Amino acid sequence: MELAADRRIRGVHLVVLAKSFSVWSLTLLVSLLVIGFPFIVLMALVGAFLSMILHALVPMSSVLLVASILIGGPLLAIFGGAGFLTFKGIHPENVRWLSWLNGKAEPNHRSVYAFCPLTCNIHR
């Protein structure tokens with residue numbers, strides 16, 4: 001009985017780790033795409049120039065080399081960061097500024113519609 005309970009707890013722990021890793025990965029990826037868009041454009045520009053320069057030195061695989069570095073580097077950073085945060089024990093639901101992920105966002109304002117001052121009894 002104790003062995004079965006231990007396996008069940010271990011299975012639940014692995015599911016929690018997998019969920020935490022996937023949420024961290026998605027959050028970091030979206031952050032990179034939204035906040036780091038100018039950085040991505042700059043990386044593409046530098047990659048194009050680096051590919052042209054390397055084509056003169058190593059003509060057969062310069063584009064593949066540059067593309068794998070420019071795509072693999074950020075992906076490695078995202079998954080490495082997600083793994084670090086997961087195995088450090090920092091879960092996304094414990095982070096205060098990620099409350100929107102849990103559906104527990106605290107809105108700073110209330111919506112007031114144009115017709116509401118005439119029809120609603122809102123006391124400010």
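**View 1. Contacts of Ala82 in helix α3.** Leaving aside neighbours within four places in sequence, Ala82 is in contact (heavy atoms within 4.5 Å) with Phe21, Trp24, Ser25 and Leu28. Ala82 belongs to helix α3; helices (H or I, at least four residues) and strands (E, at least two) are DSSP runs, numbered from the N terminus. At 0% relative accessibility, Ala82 counts as buried, since buried means under 20% relative accessible area, exposed over 50%, and partly exposed in between, with a 1.4 Å probe and protein chains only. The C-alpha atoms of Ala82 and Thr27 are 9.0 Å apart in space, with their positions 55 residues apart in sequence as the separation. This is a predicted model, in which local features need pLDDT of at least 70 and side-chain atom pairs count only at pLDDT 80 or more, whereas totals for chains, interfaces and linings use all residues. Residues are numbered from 1 along each chain as its sequence is written, and side-chain values use heavy atoms, with hydrogens and water left out.

**View 2. The largest nonpolar core.** Trp24, Ala82, Leu85, Val95 and Leu98 form the largest nonpolar core, which has 5 residues. A nonpolar core is a set of buried Ala, Val, Leu, Ile, Met, Phe, Trp, Tyr and Cys residues joined through side-chain atoms within 4.5 Å. Two members of this core, Ala82 and Trp24, also touch each other.

**View 3. Thr27 and Ser31 along helix α1.** Thr27 has its place in helix α1, and Ser31 lies in helix α1 as well. A polar atom of the Thr27 side chain lies 2.7 Å from the backbone oxygen of Val23. The backbone oxygen of Thr27, in turn, lies 2.8 Å from a polar atom of the side chain of Ser31. Both pairs are read as polar contacts, that is, pairs of N or O atoms within 3.5 Å; within protein, one atom must be able to donate a hydrogen and the other to accept it, and residues adjacent in sequence count only if both atoms are side-chain atoms. Thr27 is buried because its relative accessible area is 8%, whereas Ser31, at 27%, counts as partly exposed. From C-alpha to C-alpha, Ser31 and Ile78 are 9.9 Å apart in space and 47 residues apart in sequence.

**View 4. The nonpolar surface patch.** Leu26, Leu29, Val30, Leu33, Val34, Ile35, Ile71, Leu75 and Phe79 make a nonpolar surface patch of about 860 Å². Patches are made of residues with over 30% relative accessible area and no salt bridge; like charges are joined within 9 Å, and nonpolar side chains (Val, Leu, Ile, Met, Phe, Trp, Tyr) within 5 Å. A salt bridge is a side-chain nitrogen of Lys or Arg within 4 Å of a carboxyl oxygen of Asp or Glu. Accessible areas come from the Shrake-Rupley method with a 1.4 Å probe; for residues, only the protein chains shown count as cover. Helices α1 (2–35) and α3 (62–88) each supply at least two residues of the patch, and α1 gives the most, with 6 residues. Leu26, one of the patch residues, has its place in helix α1 and is exposed because its relative accessible area is 53%.

**View 5. Ser61 and Ser62 at the start of helix α3.** Ser61 lies in the loop between α2 (37–57) and α3, while Ser62 is found in helix α3. Ser61 is partly exposed, with a relative accessible area of 28%; Ser62 is buried, with a relative accessible area of 2%. Not counting residues up to four places away in sequence, Ser62 touches Ser51, Leu54 and His55. The C-alpha atoms of Ser61 and Ser51 are separated by 9.2 Å, and these residues are 10 apart along the chain.

**View 6. The chain as a whole.** The chain has 4 helices and 0 strands, and its elements run α-α-α-α from the N terminus on. Of its 124 residues, 17% count as buried. About 10300 Å² is exposed by the chain, and carbon and sulfur atoms supply 72% of it. Among contacts in the chain with a separation of 6 or more, 63% are accounted for by residues 24 or more positions apart.
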